[in-house]
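Grab a pencil and work through these exercises with the structure open beside you. Try each task before you read its solution.

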Amino acid sequence: MVTRGVQRARIHAPRIDFGALRRELELPDEFPPEVRRAAEEAATAGRPPARDRTDVPLVTLDPVGSRDLDQAMGLVRRRGGYRLHYAIADVASFVAPGGALDGEAWRRSQTIYFPDARVPLHPAVLSEGAASLLPGVDRPALLWTIDLDDAAEPTDVRLERVVVRSRAQLDYPAMARAVADGGLPAEIALLPEVGRLRRAAAIGRGAIELNAPEAEVEPDGTGWRLVLRSAAPIEEYNAQVSLLTGMCAAEIMLAGGVGVLRTLPAAQPADVSRVRAGAHALGIDWPPDATPAEVLAGVDAGTPRGAAFLDLAASLLRGAGYTPFDGTAPKRTGHAGVGSSYAHVTAPLRRLVDRYALEVCLALSAGREVPDWARQGLARLPPVMSAGDQRAAAAERAVVDLTEAVLLAGRVGETFEVAVVDEGTVAVDDPPVRARCEGTDLPVGQRIRVRLVEADPATRRVLFRR
């Protein structure tokens, strides 16, 4: 059984100045005055008329304490399958093309998260207020209505600009407990059923989903704790709904001949052969006719060999990008991690590209011309979004590296039992640290003892030696 939803270690760290990392990475600080004014005006301005769908029962499902709520969902059973209502925050109704808000969003491209703060795409008056799908209030939204058959495959897709009202703000830990107790709210009672069907379909499509545990830094009283956490099943089911919507959006844009896809090339046969060889070396069963997706679905990420295999399999997911097109379908349309064509359309409060892709889908669904501002922005998006992805990845890595170095700064010279996850990297169980390791005998997938020789918060460098 694959390890899911387990917080494997919590180690306290002293107070850390993550603001120094933001300054080092040259991330934007406060919004300029003209952007704040534009956001405040947009938050209080009237919205264009839209269909009232506040009758649709919807709830949001996010991490604890989230305020930038992009999505609200409701699932019902229908004859022959299911119906998914999936409302997405209508950011375009607040952001005027070419205005101050729009220009700042292009500069930031996406929200970047730190343990103590966020570097948001939009001012909080919008992202945590007027545009957020908070419970109990009317909000403009783009409502996807996706009919599914009994295998949870889409049979009909509709998209419209509406007004919705979320019934409740739900969080992952509480809903994980509700799944175990059989007490999910009615709006998402079918989510595990549909999520499992969609997950099975993803494996059948050959989607390469790693689901590896990730290091996270969380508040802990006067300091911080480092947590190694795997996604709980309810999070995976929720992700499957988002992926389904992105796949439907990609099909709409490809059929209409205009849009922007999130693409990832299929792994080369030589890469698959190398990962297969690594699986055999690690004792991971890989039947002759099994796909990488089928093998990964059965790997226990909580074991040293499983963790090492997931690190190795990550090499199959290289080359992600954004592919705009207008008039001619691109040569590359697939995303290997999804096993299908796919587009980002479910997080416009946090990601610039989603606002553009949503407007394209909305126009195509209604048989209208795509707005000029959306069409003209498509070709500009790839370099801007890729740069934003790199900033976000650098911030995430820097946060973990700094916390690891602070945790271990007073323990140089101690020995630790570790798992070797690749030829130069080891994973410590307690605290949950991954770091470089020097030595000539580092058997991948095995447990060994090493000595900590460096832990420097100033350089965020941790080094072990066999």
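**Exercise 1: a loop residue**

Ser109 counts as buried because its relative accessibility is 0%, where buried means under 20% relative accessible area, exposed over 50% and partly exposed in between (1.4 Å probe, protein chains only). Before going on, here's what you're looking at: a predicted model, in which local features need pLDDT of at least 70, side-chain atom pairs count only at pLDDT 80 or more, and totals for chains, interfaces and linings use all residues. Residues are numbered from 1 along each chain as its sequence is written, and side-chain values use heavy atoms, with hydrogens and water left out.

Task: find where Ser109 sits and work out what its phi is.

Solution.
- Step 1: look in the loop between α3 (100–108) and β6 (112–113), and there's Ser109. Helices (H or I, at least four residues) and strands (E, at least two) are DSSP runs, numbered from the N terminus.
- Step 2: check the backbone. Phi of Ser109 is near 70 degrees, a positive value in a residue other than glycine.
- Step 3: find another case. Arg460 has a positive phi too, near 55 degrees, and isn't a glycine either; its place is the loop between β19 (447–456) and β20 (461–465).

**Exercise 2: how confident is the model?**

Task: say what the mean pLDDT of the chain is.

Solution.
- Step 1: pLDDT is the predictor's confidence in each residue, from 0 to 100. The chain's mean is 92, and 97% of its residues reach 70 or more.
- Step 2: now look at residues 1–11, where the pLDDT is below 50. Beyond near neighbours in sequence, this stretch has 45 contacts in the model, a contact being heavy atoms within 4.5 Å.

**Exercise 3: checking helix lengths**

Task: test whether the ends of α8 (residues 269–282) are as far apart as expected, then find which residues are buried.

Solution.
- Step 1: the expected span is 1.5 Å times one less than the number of residues. For the 14 residues of α8 that should give 20 Å, and the end C-alpha atoms are 20 Å apart, so the two agree.
- Step 2: list the buried residues of α8: Val272, Val275, Gly278, Ala279 and Leu282.
- Step 3: look down the axis. The buried residues of α8 fall within an arc of 120 degrees, so they line one face of the helix; the arc is that of the directions from the helix axis to the C-beta atoms.
- Step 4: turn to the face away from the buried side, which carries the exposed residues Pro269, Ala270 and Ala281.
- Step 5: see what covers the buried residues of α8; this includes α9 (292–297) and α10 (304–313).
- Step 6: step just past α8 to Gly283, which takes a positive phi of about 80 degrees.

Now run the check on α7 (residues 233–256). Its 24 residues should span 34 Å, and its end C-alpha atoms are 35 Å apart, which agrees. α7 is mostly covered, with 18 of its 24 residues buried. Gly257 follows α7 and has a positive phi, near 80 degrees.

**Exercise 4: what packs around α10?**

Task: name the elements that the buried residues of α10 pack against.

Solution.
- Step 1: pick out the buried residues of α10, which are Gly306, Ala307, Ala308, Phe309, Leu310 and Ala313.
- Step 2: follow them outward. They pack against α8, α9, β16 (415–422) and β18 (434–438).
- Step 3: visit Val444, in the loop between β18 and β19. Leaving aside neighbours within four places in sequence, its contacts include Leu282 and Ala308.
- Step 4: compare sequence with space. Val444 and Gly278 are 166 residues apart in sequence and 9.1 Å apart in space, C-alpha to C-alpha.

**Exercise 5: two polar side chains**

Task: find which backbone oxygen the side chain of Ser166 reaches.

Solution.
- Step 1: locate Ser166 in strand β9 (residues 154–171). Its relative accessibility is 5%, so Ser166 counts as buried.
- Step 2: follow the side chain of Ser166 to the backbone oxygen of Ala168, at 3.1 Å.
- Step 3: repeat with Thr403 in helix α13 (residues 381–408). The side chain of Thr403 reaches the backbone oxygen of Val399 at 2.8 Å.
- Step 4: check burial again. Thr403 counts as buried because its relative accessibility is 0%.

Conventions:
Polar contact = N/O pair within 3.5 Å; in protein donor to acceptor, adjacent residues only side chain to side chain.
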